[in-house]
Amino acid sequence: RDTMVTTSVRSSWLGCAVFLAFTLIFSSTLPFCSLPSGQIPRSTSRFHFFIDGDCVPQKSIDKAILFLKQRGSIVQSLFFANPELIKNKKWKSFLGSREIEFRGIQRSACPRGDPNDEALQSEVRKTLQRAGNKRDTFALFVKDKDYIALVRDILASGCRCIV
């Protein structure tokens, strides 16, 4: 049990540290990449929610969904993970009950890097081309820095982005 608590705390701190570093380093060039509630107008945003499911706990996804729903409507929720994950009854039930679309990404699908990162970024770019609405906000639930160029592209299009 102590190991589980330590691992949970360690991963929470790591996630916070990555987020804070990202915000501090890029706050001048990426003005809308933080989560403070005062910066996001309530009930005006349409959210496209993309989740890198390699290491995201269900409780954190629920918190993110609540955060987004308090500030607008979620028009799309996509969860990218190993195809084997959907065989897990808890995950299958969790995703289904929240209307999150599962995208199973084969581990050998991307020779250059993380297959989830590649698939998620590709889908965000497709959605960005279709969206065309400057009131749209792209919510990226990710834990690594591989998304910096994508965030810049989202902001350059005139849409908002939450990381």
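Which residues does I100 touch, not counting residues up to four places away in sequence? In this predicted model, the list runs to I51, I61, I65, S77, L78, F79, F94 and L95. Several of those names come back below, so here's a quick tour of the fold, the cores, the rings and the cysteines.

**Overall fold**

- The protein chain has 5 helices and 5 strands, and reading along the sequence you get α-β-α-β-α-β-α-β-α-β.
- Of the 163 residues in the protein chain, 39% are buried.
- Take the contacts between residues at least 6 apart in sequence: 66% of them join residues at least 24 apart.
- The accessible surface adds up to about 9,500 Å², and carbon and sulfur atoms account for 56% of that.

**Nonpolar cores**

- The largest nonpolar core holds 19 residues, and the ones touching the most other members are F49, I51, I61, F79 and I100.
- Who supplies this core? At least two residues each come from β1, α2 (58-69), β2, α3 and β4.
- Helix α2 gives the largest share, with 5 residues.
- Another core lies apart from that one: it has 18 residues, including F80, L120, Y147 and V163.
- As background, nonpolar side chains in soluble globular proteins tend to be buried together.

**Aromatic rings**

- The count of aromatic pairs comes to 5.
- One of them is F49 with F141, a tilted pair with 6.4 Å centre to centre and 45° between the planes.
- That pair links distant parts of the chain: F49 sits in strand β1 (residues 45-52) and F141 in strand β4 (residues 136-141), 92 residues apart.
- Are these two rings' residues buried or exposed? F49 is buried, because its relative accessible area is 2% and the cut-off is under 20%. F141 also counts as buried, because its 17% is under that same 20% limit.
- F79 and W91 make another tilted pair, this time at 5.2 Å centre to centre with 35° between the planes.
- Here F79 belongs to strand β2 (residues 72-81) and W91 to helix α3 (residues 89-97), so the pair links distant parts of the chain, 12 residues apart.
- F79 and W91 are both buried.
- The story doesn't stop with two rings: ring pairs tie F79, W91, F94 and F102 into a cluster.
- There's a charge over a ring, too: the charged end of R71 sits over the ring of F67, 3.9 Å from its centre.

**Cysteines**

- How many disulfides does a search of the whole structure find? The count is 0.
- C159 is in no disulfide, and the nearest cysteine sulfur, that of C161, is 9.5 Å away. The cut-off for a disulfide is sulfur atoms within 2.5 Å, so these two don't qualify.
- Both cysteines are tucked away from the surface in the accessibility sense: C159 counts as buried at 4% relative accessibility, and C161 counts as buried at 0%.

**A look at S122**

- S122 is found in helix α4 (residues 115-131).
- Why does S122 count as partly exposed? Its relative accessibility is 33%, and partly exposed covers the range between the 20% and 50% cut-offs.
- Along the chain, S122 and L150 are 28 residues apart, and their C-alpha atoms are separated by 9.5 Å.

Terms used: Residues are numbered from 1 along each chain as its sequence is written. This is a predicted model: local features need pLDDT of at least 70, side-chain atom pairs count only at pLDDT 80 or more; totals for chains, interfaces and linings use all residues. Side-chain values use heavy atoms; hydrogens and water are left out. Helices (H or I, at least four residues) and strands (E, at least two) are DSSP runs, numbered from the N terminus. Buried means under 20% relative accessible area, exposed over 50%, partly exposed in between (1.4 Å probe, protein chains only). Contact means heavy atoms within 4.5 Å. Accessible areas come from the Shrake-Rupley method with a 1.4 Å probe; for residues, only the protein chains shown count as cover. Rings of Phe, Tyr and Trp (its six-membered ring) pair if their centres lie within 6.5 Å; planes under 30 degrees apart count as stacked, over 60 as edge-to-face and the rest as tilted. A charge sits over a ring if NZ of Lys or CZ of Arg is within 6 Å of the ring centre and within 35 degrees of the ring normal. A nonpolar core is a set of buried Ala, Val, Leu, Ile, Met, Phe, Trp, Tyr and Cys residues joined through side-chain atoms within 4.5 Å.
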